[in-house]
Amino acid sequence: YFTIKSLQTLNIMYQFDLATFLSLFSTNLQNVSKQKSSAAAHDAQTQTQHIANLQQHLIAMLYTYMSRSLFKRDRITFGLHFVHCLYPQLFQHHEWEYFIGDVISSSSQSNRIQTPSWLPTEAHTTFKEFCCT
């Protein structure tokens, strides 16, 4: 809920309330329960598998619902924010702060970094700053 709630800082039009989230959550419970009851005749699911299944379906449902309601220019930003909130371990130390512009690297560190020869000249500074995060 807090992941989608924080989108209003991106644009004031992205205001999603708790009722919307709860509606999606209960829809997810109903859909997965229907699938489980039909699958129960064939195979018994453990509670852990069922919870993982609920979680996967809720993430997919939230992502689909949210990305359909965003302006096209904000979809990549939302996707990155969504992944960061759900899987923060995928981001290295200070990497997220770099993406949102909160990290300032020291010029002494960035001067020591070699840039690849295939990298365009105008991207050298950005590449060095990213490597220092």
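This passage describes the nonpolar core, a nonpolar surface patch and the aromatic ring pairs of a predicted model.

In soluble globular proteins, nonpolar side chains tend to be buried together. In the present model, the largest nonpolar core comprises 13 residues. Leu7, Leu62, Met66 and Phe78 are the residues with the most contacts inside this core. Three helices, namely H2 (18-40), H3 (47-68) and H4 (75-86), each supply at least two core residues. The greatest contribution comes from H3, which gives four residues. The surroundings of Met66 illustrate how distant parts of the sequence meet: when neighbours within four places in sequence are set aside, Met66 is in contact with Ile4, Leu7, Phe16 and Phe78. Two of these partners, Leu7 and Phe78, are themselves listed with Met66 among the core residues with the most contacts.

Nonpolar residues are also found at the surface. Leu80, Phe99, Ile100 and Phe130 make a nonpolar surface patch of about 330 Å². Within this patch, Phe130 belongs to helix H7, which covers residues 124-131. The relative accessible area of Phe130 is 31%, so this residue is classed as partly exposed.

A pair of aromatic rings is described by the distance of the centres and the angle of the planes. Seven aromatic pairs are present in the structure. One of them is formed by Phe21 and Phe25, whose ring centres lie 6.3 Å apart with 25° between the planes, a stacked arrangement. Both residues are located in helix H2, where a separation of four residues corresponds to about one turn of the helix. The two rings differ in exposure: Phe21 has a relative accessibility of 13% and therefore counts as buried, whereas Phe25, with a relative accessible area of 34%, is partly exposed. The cut-off that separates these classes is 20%, as buried means a value under this limit. Ring pairs also join Phe21 and Phe25 to Tyr1, and the three residues form a cluster.

A further pair consists of Phe78 and Phe82. The centres of their rings are 5.2 Å apart and the planes meet at 35°, so the pair is tilted. Phe78 and Phe82 both lie in helix H4, again four residues apart, or about one turn of the helix. In this pair, Phe78 is buried, with a relative accessibility of 0%, and Phe82 is likewise buried, at 7%. Phe78 thus connects two of the topics treated here, because this buried residue is named among the core residues with the most contacts and also takes part in the tilted pair with Phe82.

Technical notes:
Residues are numbered from 1 along each chain as its sequence is written. This is a predicted model: local features need pLDDT of at least 70, side-chain atom pairs count only at pLDDT 80 or more; totals for chains, interfaces and linings use all residues. Side-chain values use heavy atoms; hydrogens and water are left out. A nonpolar core is a set of buried Ala, Val, Leu, Ile, Met, Phe, Trp, Tyr and Cys residues joined through side-chain atoms within 4.5 Å. Buried means under 20% relative accessible area, exposed over 50%, partly exposed in between (1.4 Å probe, protein chains only). Contact means heavy atoms within 4.5 Å. Patches are made of residues with over 30% relative accessible area and no salt bridge: like charges are joined within 9 Å, nonpolar side chains (Val, Leu, Ile, Met, Phe, Trp, Tyr) within 5 Å. Accessible areas come from the Shrake-Rupley method with a 1.4 Å probe; for residues, only the protein chains shown count as cover. A salt bridge is a side-chain nitrogen of Lys or Arg within 4 Å of a carboxyl oxygen of Asp or Glu. Rings of Phe, Tyr and Trp (its six-membered ring) pair if their centres lie within 6.5 Å; planes under 30 degrees apart count as stacked, over 60 as edge-to-face and the rest as tilted.
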